[in-house]
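Hi,

Here is the structure I promised to pass on. Have a look at it first, and then read on for what turned up.

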Amino acid sequence: MATMMVKARQLVHEYIRRDEEGNPIATQAALDHVDIDIEPGSFVAILGHNGSGKSTLAKHLNVLLSPTEGTLWVDGKDTSDMDNLWKIRQNTGMVFQNPDNQIIGSIVEEDVGFGPENIGVPTDEIWQRVEDSLRAVGMLKYRSHSPNKLSGGQKQRVAIAGVVAMQPKCIVLDEPTAMLDPNGRKEVLRTVHELNRKKGVTIILITHYMEEVTDADYIYVMDSGSVVMQGTPREIFSRVESLKAHRMDVPQITLLAHELKQAGLNLPDGILTREELIEALEKLQV
Amino acid sequence: MLRDITIGQYYPTGSVIHRMDPRVKLFGTLVFLISVFAYKGIVGFAIVTLFLAALISISKVPFRYMIKGLRAIMILMLITALFNLFLTPGEVLIQVWKLKITKEGVMSAIRMAIRLTYLILGTSLMTLTTTPNQLTDGLEKALKPLAKIHVPVHEISMMMSIALRFIPILIEETDKIMKAQMARGASFDEGNIIKKAKSLIPLLVPLFVSAFRRANDLAMAMEARCYCGGDGRTKMKPLRYQSLDYQAYAVLILYLALLLALRVVL
Amino acid sequence: MSIILDKVNYIYGQGTAYETYALKDINLEIKDGQFIGVIGHTGSGKSTLIQHLNGLLRATSGTIYYNGEDIYTEGYSMRALRSKVGLVFQYPEHQLFETTILDDVCFGPMNQGLDKNAAQLRAFEALHSVGIPEELFDQSPFDLSGGQKRRVAIAGVLAMKPEVLILDEPTAGLDPKGRDEILDQVAELHAKQHITVILVSHSMEDVAKYVERIIVMNQGSVMYDDTPKNVFRYYKELEQVGLAAPQVTYLMHELQEKGFPVSCDATTVEEAKQEILSVMRS
């Protein structure tokens, strides 16, 4: 069997709260014995409300945090072994929520070049990589622009290009669309799906927008630091009530189908798209 | 308002000046600053003015855009000019009560205003034509010898380039917070100086909080992209002198020599 | 009581080469007690529009009347206007600055000239109305969760007892539950205290669920101004300017095309459900 891109076993992360003198007063488990398996080349979504522990998990994937207990392997490498640190960071790119706070360069292409510079890529190859990555996210014609003049969606695509330029096997996106308008959101999602399809990059999308994950291969739902639900989008969205109990939502069409079903119509579970709902209604009519 | 500050902003036009090595531009700025304070007489003034005008026109940065940067420091200029106007002893032109305006005062006020204006135009020309990253790369390379005596040259230059990148963002943020507090009935221009200072708290606290949050985010983003200091880093745009740069050095040295010679002669 | 905008224009960089109309010939009447949604993509002029309503931006030309008074007449108090027209900016939690939640909410009322006691009374009431429990009042606002911070910030404006409450993207970045909580509380304020509410939003679903009137902004002009039903009839035109109707609206149209005898007026899940059920059962 191929190595899992991400494999977590009983992963625990505890934050220690301290009083004013620095004595520990309480520990809080942000991750509570989490098991996760993500296959290479897949598109996996992690859902959860704010404070559910999903961002803590993201930081573990890039070794910005280390496990308190349990083990996390990224591409077969144990994240608690500090010798693996740079290799893992290079292999798993991170894209964060706030587009302004992750762009380091004052020119688009210089920002994209920042990562390759850090890992010691030769100059000529940096240029090649910068060009390829900007093309991959559709931002090549903005290469000499200042990031400040770009829209939110464009900035986020530059951030993605900055990660792509490091040629990672896996990209973790921590609520990349939370601060964007609907058009920006679409741009970013289209870009990420394309990277997954065309370049085979494993995508781990952390979000609380349900509409963004209907195309994912697999979904994990987190609450209070634990994985509380997992499955394909269809499996997850057929459990409307449990999702609501975890402060989550379902896409509008799924909700409508669910309510119609409860009102007595004989519809299948987990309807995700308008086409599916129409088809199901047509069958009923005959 | 605050957005009019053009210092630290890059204005891409792809001109010859934009393409020059940042070290040349740093040296050029230094030369120009010296010349602004060293010129003598109307001929010297003319040369400095011509030189500046030539640079601006070569840079293709619209003059109107450069002027915008001056507006923000108008007050500073006015104060300096007033000090000069009233406090320079000499031949009295007008006297109102105890305040004397002297002929020398008028002259030195004008000179001071011109010098300050040129100074700002000269330095903003550098920041307008050089990306902050190039600028700090230039500084880093120019100051490299200092690294031998354990001056953290790379860290300093990285800090500078980040600071420059975030200036426009923080300015915009200041604007936003001011408006948000004004919507809650705050006013920033009423009362005496103590009251005014106090009214800044609702602006400054959120601004600091946000700056720290951004710094935290940025540090994490940099780490995630494998940043670990200057060792082992390669450069996307390594600095290498082109023939253009040597020509520019020659022009700069000629210009400075000419001005200094004029000073001796006149 | 109402706000009237009469031929309002707002021009950026007037007299320069960059002259652009951020608002172009806006004529609107905002009646007392309405619940209005303002939609438009980024740069459509919606943020500029709402900043005119409380005098943070001044129209280049045209007049704005608040309760019949021209707010641009000499001596009209903008400060008084701002306490009547409360504006909650995007990410309002970024404006919190005091050491305790209660003090922060008191900031607005104190600026209105109330004494400490009266201000605290207002703050109590406002914090209650956004569902912040009393035991948190003495805590630092910086220790709260994102959703709570935002509600405290909204309370900071509510404590000024505005007659009109404008919220710019109040749910940006919140999770689904946090979003529903805030919008439900706003709807309750509107219902119980009869405050006029103007909700600026990107989410058509949210707007359709709560408001009675939608103003669609595009390139600085009002494109549509009508009930949700009537506005979302133009779903094709909305798409052309980078907007969209709620998912259920599309569904109803598609069902109709497939020969289902449904009407296309539904804009919320509840309306769509009733419509489909009535058709399927007959």
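Before the chains, one term: contact here means heavy atoms within 4.5 Å. Keep in mind as well that this is a predicted model.

**Chains A and B**

Let's start where chain A meets chain B. By that cut-off, 39 residues from chain A and 31 residues from chain B take part in the contact. The size of an interface is often given as the accessible area lost when the parts come together. For chain A and chain B that area is about 3200 Å², with 55% of it on carbon and sulfur atoms. On the chain A side, the residues that lose the most area to chain B are Asn101(A), Ile104(A) and Glu110(A), and together they make up 21% of what that side buries.

How many salt bridges are there between chain A and chain B? The count is five. One to click on is the pair Glu110(A) and Lys237(B), whose side chains meet in a salt bridge at 3.2 Å, N to O. So Glu110(A) turns up twice, because it is also among the residues of chain A that lose the most area to chain B, and its side chain is in a salt bridge by the rule of a Lys or Arg nitrogen within 4 Å of a carboxyl oxygen of Asp or Glu. Polar contacts across this interface come to 18 residue pairs, both residues being at pLDDT 80 or more.

Which helices of chain A should you look at here? Helices α2 (85-91), α3 (108-118) and α4 (123-136) of chain A each supply at least two residues to the side that touches chain B. Of the elements of chain A, α3(A) gives the most to that side, with 10 residues. Sorted by type, the residues on this side of chain A are 17 nonpolar, 15 polar and seven charged.

From the chain B side, Asp217(B) is a good residue to find. Asp217(B) sits in helix α11 of chain B, which covers residues 201-224. Leaving aside neighbours within four places in sequence, Asp217(B) is in contact with Asn98(A) and Asn101(A). Asn101(A) is again one of the residues named above for the area lost to chain B. Is Asp217(B) buried, partly exposed or exposed? Its relative accessible area is 26%, so Asp217(B) counts as partly exposed.

**Chains C and B**

Chain B also touches chain C. Here 22 residues of chain C are in contact with 18 residues of chain B. The two chains bury about 1800 Å² between them, and 58% of that is on carbon and sulfur atoms. The count of salt bridges between chain C and chain B is one. That is Asp104(C) with Arg184(B), where the closest N and O atoms are 2.8 Å apart. In polar contact across this interface are six residue pairs, with both residues at pLDDT 80 or more.

On chain C, α2 (78-84), α3 (101-111) and α5 (146-158) each supply at least two residues of the side touching chain B. The most comes from α3(C), with five residues. By type, that side of chain C has 12 nonpolar, seven polar and three charged residues.

**The chains on their own**

Chain A has 10 helices and 10 strands. Its radius of gyration is 20 Å, which agrees with the value near 19 Å for a compact globule of 286 residues. The C-alpha atoms of chain A fill a box of roughly 65 × 55 × 45 Å along the principal axes, and 58% of the residues in chain A are buried.

Chain C has 11 helices and 10 strands. The globule rule gives 19 Å for its 282 residues and chain C has a radius of gyration of 20 Å, so chain C is as compact as a globular protein of that length. Its C-alpha box is roughly 65 × 55 × 35 Å, and buried residues make up 55% of chain C.

**Two backbone oddities**

His33(A) has a positive phi of about 50° although it is not a glycine. His33(A) lies in strand β2 (residues 24-38) of chain A and is partly exposed, at 40% relative accessible area. Gln219(C) has a positive phi too, near 45°. Gln219(C) is in the loop between β9 (213-218) and β10 (221-226) of chain C, and at 63% relative accessibility it counts as exposed.

Cheers

How values were computed. Residues numbered from 1 in each chain as written. Chains lettered and ligands numbered in written order. Predicted model: local features only at pLDDT ≥ 70, side-chain atom pairs only at ≥ 80, totals over all residues. Heavy atoms only, no water. Buried area = accessible area lost by both parts, 1.4 Å probe. Polar contact = N/O pair within 3.5 Å; in protein donor to acceptor, adjacent residues only side chain to side chain. Helix = DSSP H or I, 4+ residues; strand = E, 2+ residues; numbered from the N terminus. Nonpolar A, V, L, I, M, F, W, Y, C, P; charged D, E, K, R; others polar. Rg over C-alpha atoms; globule rule 2.2 N^0.38 Å. Buried < 20%, exposed > 50% of the residue type's maximum accessible area, 1.4 Å probe, protein only.
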